[in-house]
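Work through the following exercises with the sequence and the model open side by side. Each task is followed by a solution that goes step by step.

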Amino acid sequence: MSDSSTDNLRKAALNYHEFPRPGKLEVRATKPLANGRDLSLAYSPGVAEACLEIKADPLTARNYTSRGNLVAVVSNGTAVLGLGNIGALASKPVMEGKAVLFKKFAGIDCFDIEVDEPDPEKLADIVCALGPTFGAINLEDIKAPDCFIVERICRERMNIPVFHDDQHGTAIVVGAAAMNALRVAGKTFEDIKVVSTGGGAAGIACLNMLVKLGVKLENIWLCDIHGLVWKGRREDMTQQKAHFAQASDKRTLDEVIDDADLFLGLSGPGVLKPEQVARMADKPIIFALANPTPEIMPDAVRAVAPDAIIATGRSDFPNQVNNVLCFPFIFRGALDVGATTINDEMEIACVEGIAELARATTSAEAAAAYSGEELTFGRDYLIPKPFDPRLSSVVSSAVAKAAMETGVAARPIEDLDAYREKLKQSVFKSALLMRPVFEAAATASRRIVFTEGEDERVLRAAQAILEETTEKPIVIGRPEVIEQRCERFGLTVKPGRDFEIVNPENDPRYRDYWGSYHEIMCRRGVTPDLARAIMRTNTTAIGAVMVHRGEADSMICGTFGEFRWHLNYVNQVLGSDTVQPHGALSMMILEDGPLFIADTHVWSLPTPEQIAQTVIGAARHVRRFGLKPNIALCSQSQFGNQAEGSGKRLRDAMRILDSTPRDFCYEGEMNVDTALDPALRARIFPQSRMEGAANVLIFAHADAASGVRNILKMKGGGLEVGPILMGLQNRAHIVTPSISARGLLNMAAIAGTPVAHYG
């Protein structure tokens, strides 16, 4: 990475942490506090009743407080990944980040606790004293061997799960990857030779896990910075390393690598050499997990061992060993059964669950979320993707089951099938929904033209696109203005070098562009002179012509101006008898999950046919996010109680939809509260075909759709992704003037998704 890119990433990261408010977490009340009665229940005198219940039966703390779903992430900052001993305070951004992952992946509330205490026994005393507050403890970034001491003391003294993720989380994911790698290679744990580099917490835990899975202790050769760990060695030895000491006169990695079946690297860059890989067994398994630079790069392995099976810690190579596959879900399962500890059986259940998931047939949701990738078990797909929606139900339920079978579950679950279904339903209540879209967009390098290229938000988005995606931004604007603004805003991208510019005032393609526009519009009243003028002044029309001519794959416009003005020119050039706009769809990411709203912009007063088109288009696009569409057609009318108005048009749209079998759920017409409240809907209309809350609201008037969208955005804390222009085959999107640079980046990811799957 260049110095300028590094500097830009630094600025972006600092801005992300500081704005619009410092940090990544906040505390929100879960109960109303609107009047005196609420106050008397929340605090004195009503709170005493909950206190007395807990005093009489401590297990009821789960019923009356947040403890049953609350985890502490505890660190003293002595071994922060990639940064070393930076101290407790400096580690806080990392711990806040871990807390965010708990919440987003598993719905677990989390407090980050940074403790300025280097002594492991004193640190353990502090953690143990926190027991009444939390349902579980996640120890994080504590140096070895102190981490072993802290975890041992806490597990002995606390009656809740204590889990050092740097050790066990890494070990679980490595165990799952190794289990499947051996299956691909046709080998078994009992027969393999393992050579490992790195004697820290993660390395030792991984070796312990491999032993639990069947690797023989005498077949493990551990090396650290001083060479082989051998019996009698005194330099930099710990009790944990000594457990793997070999009675051998060999002293170096180079001496022990011959015929190794598995190399496990948790050390540093360049530790393993290609010539050493060449001396390993057939179908060698290389887990080079040092970050950001592995012990050996995958291409160097392939050069000497084409049949090698490779995993790294990086997201830009197949088989990323990432703790996020494990820790949210092992805690979810443990908390849900009130586990008093996380034992070996629960960890192995987690290993087997992750491994089995990679071998299973890919779900429709996972396929949609990672559109374009080959998610088929084999050499390049040993473990699931971190955003596979099945992880929660499969792994958490496996952990819960193991806890019950081993007698450490204080609250056993009677119906595991129902529990799995509940986990499935909660998977997508997450603001991480855009990540699978970025993953899908990364499978193709599409050219995205921004028609308002002089706008600061566009230029910032262009820089982010170059840093975060494989897309190629093109901007329309005056080169001298763009260059000046890049410099003024402190952007490191250079127009002409990093992205293409189309200059509306002086571009060599001008004649070709106005000629193409005139050819399209000559029978719709556009003269050559008018075509020339439009191609000099109208950047939206220029962008549409570029897409029409195949010089760009998709366009994004609308950072200023009125939506339908832009739509007019987009539809003139890119529309046809068979390709027409089907409505605009906005995804609002809310606290309890996503809610899609349509049609917000295209049809002011849509006909039944247009409403039906909007419904079909919305169902197709909702699947882009790995979601199952549950569509409500919304009106003031409720299941026929108003004869005319929007209710009649929606009923006519329902008849159109019902005329052909559909592979998604839709229902209407109904009020918004009826759409979102299944209990209310069941009372009003027990015959409803819809189950659960709707995740898509379709309106019969743009005013209603736009109003709901803006209220959710401005007062409901919703983060908008969109509007997504449906029906033009992903060739154009028209945003709104309120969009941010991040919003433009999200839209670029949507525009960058291969168009074969979406209309």
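A residue counts as buried when its relative accessible area is under 20%, as exposed when that area is over 50%, and as partly exposed in between. The model used here is a predicted one.

**Exercise 1. Cysteines and disulfides**

Task: Establish how many disulfides the structure holds, and explain why the sulfur of Cys-147 is not bonded to that of Cys-154.

Solution: Begin with the criterion, which is that a disulfide requires a pair of cysteine sulfur atoms within 2.5 Å. By this criterion the structure holds 0 disulfides. For Cys-147, the closest cysteine sulfur belongs to Cys-154 and lies 12 Å away, so the distance is too far for a bond. Turning to Cys-350, the nearest cysteine sulfur is that of Cys-326, at 4.0 Å, and Cys-350 is in no disulfide. Finally, apply the burial cut-off: Cys-350 has a relative accessible area of 0% and is therefore buried, while Cys-147, with 1%, is buried as well.

**Exercise 2. Two charged side chains in helices**

Task: Decide whether Lys-241 is buried or exposed, and determine which residues Glu-345 touches beyond its sequence neighbours.

Solution: Locate Lys-241 first, in helix H10, which covers residues 239-242. Its relative accessible area is 6%, so Lys-241 is buried. Leaving aside neighbours within four places in sequence, the contacts of Lys-241 include Asp-224 and Asp-236, along with Arg-233, Leu-222 and Ile-204.

Next, find Glu-345 in helix H15, which spans residues 344-359. At 43% relative accessibility, Glu-345 counts as partly exposed. When residues up to four places away in sequence are not counted, Glu-345 touches Ala-402 and Thr-406. The C-alpha atoms of Glu-345 and Lys-401 are separated by 9.8 Å, although these residues are 56 apart along the chain.

**Exercise 3. Backbone geometry**

Task: Identify which residues the cis peptide bond with omega of about 0 degrees joins, and state where Asn-319 lies.

Solution: As background, most peptide bonds are trans, and most residues other than glycine have a negative phi. The cis bond with omega of about 0 degrees joins Ala-144 and Pro-145, and Pro-145 lies in the loop between strand S3 (136-139) and helix H7 (146-157). Another cis peptide bond, with omega of about -5 degrees, joins Gly-668 and Glu-669, and Glu-669 is found in strand S18, residues 665-670.

For phi, consider Asn-319, which is not a glycine and yet has a positive value of about 60 degrees. Asn-319 lies in the loop between strand S10 (309-312) and helix H14 (327-336), and its relative accessible area of 5% makes it buried. Asn-730 also has a positive phi, near 65 degrees, and lies in the loop between strand S20 (719-726) and strand S21 (732-734). At 0% relative accessibility, Asn-730 counts as buried.

**Exercise 4. An enclosed space**

Task: Find how many cavities of 30 Å³ or more the whole structure has, and describe the lining of the second largest cavity by class.

Solution: The search finds 2 cavities of 30 Å³ or more, and the second largest cavity holds about 40 Å³ of space. Among the residues that line the second largest cavity are Val-502, Pro-504, Tyr-510, Tyr-513, Met-535 and Ile-542, together with Asn-503 and Asp-507. Sorted by class, this lining has 6 nonpolar, 1 polar and 1 charged residues.

Definitions and conventions: Residues numbered from 1 in each chain as written. Predicted model: local features only at pLDDT ≥ 70, side-chain atom pairs only at ≥ 80, totals over all residues. Heavy atoms only, no water. Helix = DSSP H or I, 4+ residues; strand = E, 2+ residues; numbered from the N terminus. Buried < 20%, exposed > 50% of the residue type's maximum accessible area, 1.4 Å probe, protein only. Contact = heavy atoms within 4.5 Å. 1 Å grid on protein atoms, 1.4 Å probe; cavity = no way out; pocket = protein on both sides within 12 Å on 5 of 7 lines; lining within 4 Å. Points joined across faces, edges and corners; volume = space filled by probe spheres on them. Nonpolar A, V, L, I, M, F, W, Y, C, P; charged D, E, K, R; others polar.
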